[in-house]
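User: I am new to this structure and would like a close look at one part of it. Could you walk me through the nonpolar core and then show me what lies around the ligand?

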Amino acid sequence: MHSYADREKLAQLFAKEVALFESKHPKSAELHSKAMGPLMGGVPMSWMAKWPGPHPVYVAVAKGSRFTDVDGIEYVDFCLGDTGAMVGHSPDAAINAIAKQLTKGITFMLPTEDAAVVGQTLSDRFGLPKWQFTLTATDANRHILRYARHVTGRSKVVVHDYCYHGTVDETFAVLDDQGNTVSRENNIGPQVDPAETTIVVPFNDLDAAEKAFETGEVAAMLIEPAMTNIGIVLPEPGYLEGLRALCSKYDVILIIDETHTLSEGPGGMTARRNLEPDAVVMGKTIGAGIPAAFGMSAELTKRVQDSLHLEHIDVGGVGGTLPVTHYQWLPSEQL
Ligand SMILES: Cc1ncc(COP(=O)(O)O)c(C=O)c1O
């Protein structure tokens with residue numbers, strides 16, 4: 001005999017919890033009702049509206065592993081900005097450096113000395129020689145996928161079933177019951193059917209990856225080295241090494257997204273397990289939650305540079321690559 005949950009009892013308990021929540025969060029409730037005016041769903045990002053109670057709690061301040069809401073309640077934060085604050089909220093060293101830079105200007109369309117210093121640190125940690133910066137990991141993934149398609153002349157991307165790499169169109173795909181690549185449920189407004197851009201394979205399945213590569217259509221495989229967005233799924237022994245070998249065999253660009261797995265150490269799983277990807281992506285946590293970056297192997301860098309005909313300026317020992325910008329097209333007397 002099955003015993004089913006008593007729905008009426010559950011509804012009563014939920015109502016009691018909601019009443020308790022409302023009694024303890026009057027200021028959050030007030031801010032939420034004000035935010036319903038200018039913000040869709042009363043939230044700055046639509047998914048924040050998926051809150052089980054009547055409204056989310058509003059944050060007043062966060063530091064280290066804790067935050068306090070506007071009603072003065074303190075929380076231990078197990079979310080940590082979905083790893084954006086992996087080393088704790090607002091660490092002093094990062095905040096001081098960011099605050100100092102903010103007083104000296106925020107956006108220039110020109111480089112500053114710091115970018116190359118950070119690039120060198122990332123090179124030392126991940127073993128990839130060349131780096132570029134973006135504002136989000138989503139954007140870093142988009143950039144590197146474009147490079148991969150460009151240098152290989154192929155159109156498709158292989159990803160794992162139920163992966164998450166930010167709002168990258170090609171990655172919102174899953175396998176259906178027949179093993180076909182289909183759009184993920186609730187995929188909002190895809191530009192094209194993801195089956196046209198993507199081949200989905202199960203995690204830990206080298207045969208499926210090879211079958212995808214054999215189509216000759218695959219530019220890149222974008223992976224998390226351990227899946228972290230559906231609980232944690234670890235790679236079986238030999239899986240990541242096997243993927244590396246297959247990518248080399250079929251000239252598929254292997255991109256490792258370390259946005260979450262960076263928690264394994266300063267060089268992420270890439271350095272700790274000697275993974276040798278063609279490119280690494282990371283975001284969020286490297287500057288207390290602000291920037292993101294992607295690094296490329298020497299070989300991939302050369303292919304990108306050669307194919308884009310980028311003139312490059314060698315910046316000493318750091319070896320950064322600066323594309324020729326419109327500044328350099330100005331007649332010299334105007335510079
Ligand atoms: C593995 C992975 N890559 C990329 C992203 C996207 O990060 P961002 O919000 O910086 O675009 C996420 C977000 O959670 C992620 O889990």
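Analyst: In this predicted model, the largest nonpolar core has 48 residues, and those touching the most other members are Ile144, Val158, Phe213, Met221, Ile255 and Leu300. Helix α5, which spans residues 137-152, gives the most to this core, with seven residues.

Ile255 is a good place to pause. Setting aside neighbours within four places in sequence, Ile255 is in contact with Ile144 and Leu145, with Ala220, Met221, Leu222 and Ile223, and with Ala279 and Val281. Two of these partners, Ile144 and Met221, also appear among the core members that touch the most others. A second core, separate from this one, is made of eight residues, including Phe126, Leu128, Leu262 and Ala293.

Now let us turn to the ligand. Its shell consists of 14 residues, and the closest are Asp82, Ala137, Thr138, Asn229 and Asp257. Helix α5 comes up again here, as it gives the most to this shell, with three residues. By character, the shell divides into eight polar, four charged and two nonpolar residues.

Some individual contacts fill in the picture. Asp82 places a polar side-chain atom 2.8 Å from an oxygen atom of the ligand. For Ala137, it is a backbone N or O atom that lies 2.9 Å from a ligand oxygen. Lys284 has a polar side-chain atom 3.0 Å from an oxygen atom of the ligand. As for how covered the ligand is, it exposes 400 Å² when taken alone, and the protein buries 88% of that.

Methods:
Residues are numbered from 1 along each chain as its sequence is written. This is a predicted model: local features need pLDDT of at least 70, side-chain atom pairs count only at pLDDT 80 or more; totals for chains, interfaces and linings use all residues. Side-chain values use heavy atoms; hydrogens and water are left out. A nonpolar core is a set of buried Ala, Val, Leu, Ile, Met, Phe, Trp, Tyr and Cys residues joined through side-chain atoms within 4.5 Å. Buried means under 20% relative accessible area, exposed over 50%, partly exposed in between (1.4 Å probe, protein chains only). Helices (H or I, at least four residues) and strands (E, at least two) are DSSP runs, numbered from the N terminus. Contact means heavy atoms within 4.5 Å. A residue is near a molecule or strand if one of its heavy atoms lies within 4 Å of it. A polar contact is a pair of N or O atoms within 3.5 Å; within protein, one must be able to donate a hydrogen and the other to accept it, and residues adjacent in sequence count only if both atoms are side-chain atoms. Accessible areas come from the Shrake-Rupley method with a 1.4 Å probe; for residues, only the protein chains shown count as cover. Ala, Val, Leu, Ile, Met, Phe, Trp, Tyr, Cys and Pro count as nonpolar, Asp, Glu, Lys and Arg as charged, and the others, Gly among them, as polar.
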